[in-house]
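This report walks through one protein model for a reader who is new to structures. Please keep the sequence and the three-dimensional view at hand while reading.

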Amino acid sequence: MPPLGLLHMRAWASLFNRLLRPSGVVCIREVHFHSQVSEAVLTSQLKPQHEKSNFIIKTPKGTRDLSPQQMVVREKILDLVIGCFKRHGAKRLDTPAFELKEMLTEKYGEDSGLIYDLKDQGGELLSLRYDLTVPFARYLAMNKVKKMKRYHVGKVWRRESPTIVQGRYREFCQCDFDIAGQFDPMIPDAECLKIMCEILSGLQLGDFLIKVNDRRILDGMLAVCGVPESKFHAICSSIDKLDKISWNDVRHEMVARKGLAPEVADRIGDYIQCHGGVSLVEEMFQDSILSQNKQAIEGLGDLKLLFEYLTLFGIAEKISFDLSLARGLDYYTGVIYEAVLLQTPAQAEESLNVGSVAAGGRYDGLVGMFDPKGHKVPCVGFSIGVERIFAIVEQRMKTSGQKIRTTETQVFVATPQKNFLHERLKLISELWDAGIKAELLYKNNPKLLTQLHYCEHMGIPLAVIIGEQELKEGVIKLRSVASREEVAIKRENLVAEIQKRLSES
């Protein structure tokens with residue numbers, strides 16, 4: 001028999017006592033019984049508190065805290081990325097961290113198993129967003145938006161095995177840029193690739209290459225090689241692993257795990273080893289087998305036009321037509337692309353193997369999946385792998401021993417004498433009101449040496465010093481922390497002088 005709850009035990013005790021005692025008589029046994037039960041329950045509730053000796057304070061697997069130093073680097077990266085998005089006319093958008101589960105299902109193919117599902121809350125089945133693309137498509141359909149150039153910076157969650165040293169997490173930030181709307185072919189696509197080049201060049205991560213393919217070419221290739229249409233997505237998922245495992249391992253997965261005929265896998269292997277520029281596009285046009293597929297011909301035609309625009313943008317040499325690029329997500333319908341960093345042998349020894357640092361493509365059917373009438377809004381876009389980029393930058397800064405300022409304080413308010421807190425507070429208030437970033441020590445009577453050491457440690461460029469002599473003469477000493485030079489400035493001219501120095505630095 002399961003143990004009785006406290007309320008049940010009290011009810012039985014009350015009934016038992018009513019049967020055994022005269023009306024109106026208090027039974028000591030009932031009080032004693034209740035106290036015993038209460039003590040037992042209290043003990044059971046407190047017991048776990050005494051068993052926390054093995055408790056370890058840690059963040060959940062695949063997540064991390066970001067220190068002030070890391071946040072400084074992160075903000076610089078994000079500022080550069082967002083600045084580029086704005087330069088190309090994008091508007092900022094945000095969506096909830098979680099969506100209705102039905103909004104995310106059947107959008108990611110085999111990766112759907114990586115979605116974090118939440119417990120039933122108020123009758124709604126919810127999931128944490130897996131990326132920023134599907135929520136964007138839902139937003140367009142829900143608000144009947146037909147044209148939009150947007151960017152979105154936010155966290156996403158994926159229930160995969162994290163590899164922290166490679167910048168792979170379960171919770172991470174994505175920076176997305178997308179163009180939605182019906183436009184002439186390949187113009188928005190070319191701009192997306194141009195933006196990727198601008199960002200990767202601006203971050204100065206080293207040489208990079210953007211691999212380009214088209215899902216229509218990929219599907220056409222699979223069809224002419226003899227892959228059943230029902231297995232297209234599964235085989236694409238295997239091909240997508242070529243940047244992580246060898247062709248032999250991919251071939252083994254196709255044949256042994258996904259039931260593909262060995263000769264079909266070999267035909268696929270002949271194609272996916274091809275990569276090059278616009279000349280390869282022309283070569284594929286002349287391929288006697290691939291040219292028989294209508295989808296493939298359409299994709300090759302768009303790629304030829306894309307390379308024409310990329311040449312005008314001056315970035316064609318950064319782009320490679322690569323038939324092994326698959327991009328496993330189900331919602332891609334046309335051009336797909338992925339940026340990877342190129343490393344010299346020396347760099348490879350000291351750098352992280354982070355894989356792609358940006359990726360995207362065209363997804364013309366996704367919005368229609370949310371629209372009750374199936375109305376489509378063509379879209380193309382990409383995501384910057386901020387966490388992977390951050391991992392590279394962080395490692396380089398550690399290697400170089402570069403010091404990072406964690407604050408932007410421009411001026412420190414100091415005093416060499418006691419009982420000058422009120423004057424310091426009045427002075428720092430003037431600086432704050434003038435928009436100057438300023439600090440002071442939260443002490444009534446700090447030592448001057450302590451204050452100046454703080455300035456040097458924090459990298460604060462200027463210090464203003466006020467004491468009895470300065471107060472009497474109506475001046476403030478302005479000190480350059482690096483050179484330790486001091487000049488006396490009239491109180492009324494102090495703000496203007498500080499602003500002048502800051503603008504010159």
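Ala438 is a convenient place to begin: leaving aside neighbours within four places in sequence, Ala438 is in contact with Thr409, Val411, Ile428, Leu431 and Trp432. The residue sits in strand β13, which covers residues 438-439, and Ala438 counts as buried because its relative accessible area is 12%, under the 20% cut-off. Ala438 and Ile460 are 22 residues apart in sequence, and their C-alpha atoms lie 9.2 Å apart in space. The model is a predicted one, and this should be kept in mind for every value that follows.

**The chain as a whole**

The chain has 505 residues, of which 43% are buried, and it contains 19 helices and 16 strands. Among the contacts in the chain with a separation of 6 or more, 68% are between residues 24 or more positions apart.

How high is the average pLDDT of the chain? The average is 87, and 86% of the residues score at least 70. Two stretches call for care, however: pLDDT stays under 50 over residues 1-13, where the model has 11 contacts beyond four places in sequence, and it also stays under 50 over residues 15-44, where the model has 16 such contacts. Where pLDDT is low, the predicted coordinates should not be read in detail.

**Two further buried residues**

Ile476 is found in strand β15, which spans residues 475-480, and it is buried, with a relative accessible area of 1%. Not counting residues up to four places away in sequence, Ile476 touches a list of residues that includes Leu427, Val464, Ile466, Val487, Ala488 and Leu494. One of these partners, Ala488, is 12 residues away from Ile476 along the chain, and the two C-alpha atoms are separated by 5.6 Å.

Asp189 belongs to helix α6, residues 187-202. Is Asp189 buried or exposed? Asp189 is buried, because its relative accessibility of 0% falls under the 20% cut-off. Beyond its neighbours within four places in sequence, Asp189 is in contact with Leu306, Val335, Arg362 and Val380.

**Cysteines**

How many disulfides does the structure hold? The structure holds zero. Cys173 is in no disulfide, and the nearest cysteine sulfur, that of Cys175, is 4.6 Å away; a disulfide would require the two sulfur atoms to be within 2.5 Å. Cys173 counts as buried at 8% relative accessibility, and Cys84 is likewise buried, with a relative accessible area of 2%.

**Spaces in the model**

The second largest pocket holds about 340 Å³ of space. Of the 17 residues that line this pocket, the closest to its centre are Val73, Lys76, Leu203, Val393 and Met397. The elements that give two or more residues to the lining are α3 (68-87) and α15 (386-400), and α3 gives the most, with five residues. By type, the lining of the second largest pocket divides into nine nonpolar, four polar and four charged residues.

A search of the whole structure finds one cavity of 30 Å³ or more, and about 30 Å³ of space lies in the largest cavity. The residues that line the largest cavity are Leu140, Ala141, Lys144, Val145, Lys146, Val367, Asp371, His375 and Val377, and they divide into five nonpolar, one polar and three charged.

**Positive phi in two loops**

Most residues other than glycine have a negative phi. The table lists two residues of this model that have a positive phi although they are not glycines.

| Residue | Phi | Place | Relative accessible area |
|---|---|---|---|
| Asn419 | about 60° | loop between β12 (411-414) and α16 (421-433) | 70%, exposed |
| Arg484 | near 65° | loop between β15 and β16 (486-490) | 51%, exposed |

Asn419 is exposed because its relative accessibility of 70% is over the 50% cut-off, and Arg484, at 51%, is exposed as well because that value is also over 50%. The loop that holds Arg484 lies between β15 and β16, and β15 is the strand in which Ile476 is found, so that an exposed Arg484 and a buried Ile476 can be compared directly in the view.

How values were computed: Residues numbered from 1 in each chain as written. Predicted model: local features only at pLDDT ≥ 70, side-chain atom pairs only at ≥ 80, totals over all residues. Heavy atoms only, no water. Buried < 20%, exposed > 50% of the residue type's maximum accessible area, 1.4 Å probe, protein only. 1 Å grid on protein atoms, 1.4 Å probe; cavity = no way out; pocket = protein on both sides within 12 Å on 5 of 7 lines; lining within 4 Å. Points joined across faces, edges and corners; volume = space filled by probe spheres on them. Helix = DSSP H or I, 4+ residues; strand = E, 2+ residues; numbered from the N terminus. Nonpolar A, V, L, I, M, F, W, Y, C, P; charged D, E, K, R; others polar. pLDDT = per-residue confidence, 0-100. Contact = heavy atoms within 4.5 Å.
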